[in-house]
Amino acid sequence: MAVDIKGLGITGAEDPIDWTALTRYATEVMQRAYAPYSQYKVGAAGLVDDGRVVLGCNVENAAYGVALCAECGMVSALHATGGGRLIAVVCVNAEGALITPCGRCRQLLWENGGPTMQLQTTSGVRTMAELLPEQFDADDLGRV
């Protein structure tokens with residue numbers, strides 16, 4: 001899901017990141033999560049390099065292995081609404097508290113935001129290079 005951000009606190013990718021607005025978007029979309037098994041709802045909001053905000057929430061399944069993380073939904077929304085690069089991301093739990101993505105989701109964020117993408121974590125704003133220092137990416141696929 002992409003959000004029309006005109007007048008909502010985020011004006012463009014070149015402007016300072018409005019972490020409060022991103023957190024509000026993540027909290028709002030978290031309320032739409034489908035988590036009947038774990039009751040652990042997650043929302044994610046990402047600022048794209050063209051100024052769009054994309055959202056995702058987790059979607060569980062009775063076959064636990066096919067559940068979708070909020071970050072997966074957000075990245076799907078990124079590509080469904082025109083692509084681009086993520087420059088800032090916030091993830092929250094059901095209480096609206098900041099959470100840091102798991103390793104699988106960090107890899108997904110690396111692929112779609114790169115080393116300079118910023119993530120609001122429980123210990124402050126960190127870059128993907130800090131959170132995933134020995135990442136695997138397209139460069140590794142060409143190595144023998």
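What follows is a conversation between a trainee and a mentor about a predicted model of a protein chain.

Trainee: Let's start with the overall layout. What pattern does the protein chain follow along the sequence?

Mentor: Happy to begin there! The secondary structure of this chain comes to five helices and six strands. Written in order along the sequence, with α for a helix and β for a strand, the pattern is β-α-β-β-α-β-α-β-β-α-α.

Trainee: How much of the protein chain counts as buried?

Mentor: A residue is called buried when its relative accessible area is under 20%. The chain has 144 residues, and the share of them that counts as buried is 42%.

Trainee: And what is the accessible surface of the protein chain made of; how much belongs to carbon and sulfur atoms?

Mentor: The accessible surface of the chain comes to about 7400 Å². Of that area, the part belonging to carbon and sulfur atoms is 55%.

Trainee: Now I'd like to look at one helix. Which elements do the buried residues of H2 pack against?

Mentor: Find helix H2 at residues 70–80 first; its buried residues include Ala-70, Cys-72, Met-74 and Leu-78. Glu-71 is also among the buried residues of this helix. The partners that the buried residues of H2 pack against are strands S2, S3 and S4 (86–93), and helix H3 (103–113).

Trainee: Which residue just after H2 takes a positive phi?

Mentor: Follow the chain just past the end of H2 and check the backbone angles there. You will find a phi of about 125°, and the residue that takes it is Gly-82.

Trainee: Let's turn to Val-42. Is Val-42 buried or exposed?

Mentor: Val-42 has its place in strand S2. Its relative accessibility is 8%, and the cut-off for the inside class is under 20%. Because 8% falls under that cut-off, Val-42 counts as buried.

Trainee: Which residues is Val-42 in contact with, leaving aside its neighbours within four places in sequence?

Mentor: A helpful place to start is Cys-57, which sits 15 residues from Val-42 along the chain, with 5.6 Å between their C-alpha atoms. Once the neighbours within four places are set aside, the contacts of Val-42 are Met-30, Ala-33, Gly-56, Cys-57, Asn-58, Ala-70, Val-92 and Ile-99.

Trainee: I can see several tyrosines. Which two form an aromatic pair that is edge-to-face?

Mentor: The count for the structure comes to one aromatic pair. Its rings lie 6.0 Å apart centre to centre, with 65° between the planes. An angle over 60 degrees counts as edge-to-face, and the two residues are Tyr-37 and Tyr-64.

Trainee: How many residues apart are Tyr-37 and Tyr-64?

Mentor: This pair links distant parts of the chain. Tyr-37 lies in the loop between H1 and S2, while Tyr-64 lies in the loop between S3 and H2. Along the sequence they are 27 residues apart.

Trainee: Of these two, let me take Tyr-64. Is Tyr-64 buried or exposed?

Mentor: For comparison, Tyr-37 has a relative accessible area of 40%, so it is partly exposed. Tyr-64 reaches 62%, and the upper class begins over 50%. Therefore Tyr-64 counts as exposed.

Trainee: What accessible area do the residues of the nonpolar patch have together?

Mentor: The patch lies on the surface and is formed by Tyr-34, Tyr-37, Val-59, Tyr-64 and Leu-68. Tyr-34 sits in the loop between helix H1 (19–30) and S2, and at 44% relative accessibility it counts as partly exposed. Together, the patch residues have an accessible area of about 540 Å².

Trainee: Next come the charged side chains. Which residue forms a salt bridge with Arg-24?

Mentor: Side chains of opposite charge can pair when their charged atoms come close. A search of the whole structure finds three salt bridges. In this one the closest N and O atoms are 3.9 Å apart, and the partner, about one helical turn away in helix H1, is Glu-28.

Trainee: Which residue shares a polar contact with Arg-52?

Mentor: Arg-52 is in the loop between strand S2 (42–48) and strand S3 (53–57), and it is buried at 15% relative accessible area. Its side chain meets that of Asp-50 in a salt bridge of 2.8 Å, N to O. The polar contact, at 2.4 Å between side chains, is with Thr-81.

Note on methods: Residues are numbered from 1 along each chain as its sequence is written. This is a predicted model: local features need pLDDT of at least 70, side-chain atom pairs count only at pLDDT 80 or more; totals for chains, interfaces and linings use all residues. Side-chain values use heavy atoms; hydrogens and water are left out. Helices (H or I, at least four residues) and strands (E, at least two) are DSSP runs, numbered from the N terminus. Buried means under 20% relative accessible area, exposed over 50%, partly exposed in between (1.4 Å probe, protein chains only). A polar contact is a pair of N or O atoms within 3.5 Å; within protein, one must be able to donate a hydrogen and the other to accept it, and residues adjacent in sequence count only if both atoms are side-chain atoms. Contact means heavy atoms within 4.5 Å. Patches are made of residues with over 30% relative accessible area and no salt bridge: like charges are joined within 9 Å, nonpolar side chains (Val, Leu, Ile, Met, Phe, Trp, Tyr) within 5 Å. Accessible areas come from the Shrake-Rupley method with a 1.4 Å probe; for residues, only the protein chains shown count as cover. A salt bridge is a side-chain nitrogen of Lys or Arg within 4 Å of a carboxyl oxygen of Asp or Glu. Rings of Phe, Tyr and Trp (its six-membered ring) pair if their centres lie within 6.5 Å; planes under 30 degrees apart count as stacked, over 60 as edge-to-face and the rest as tilted.
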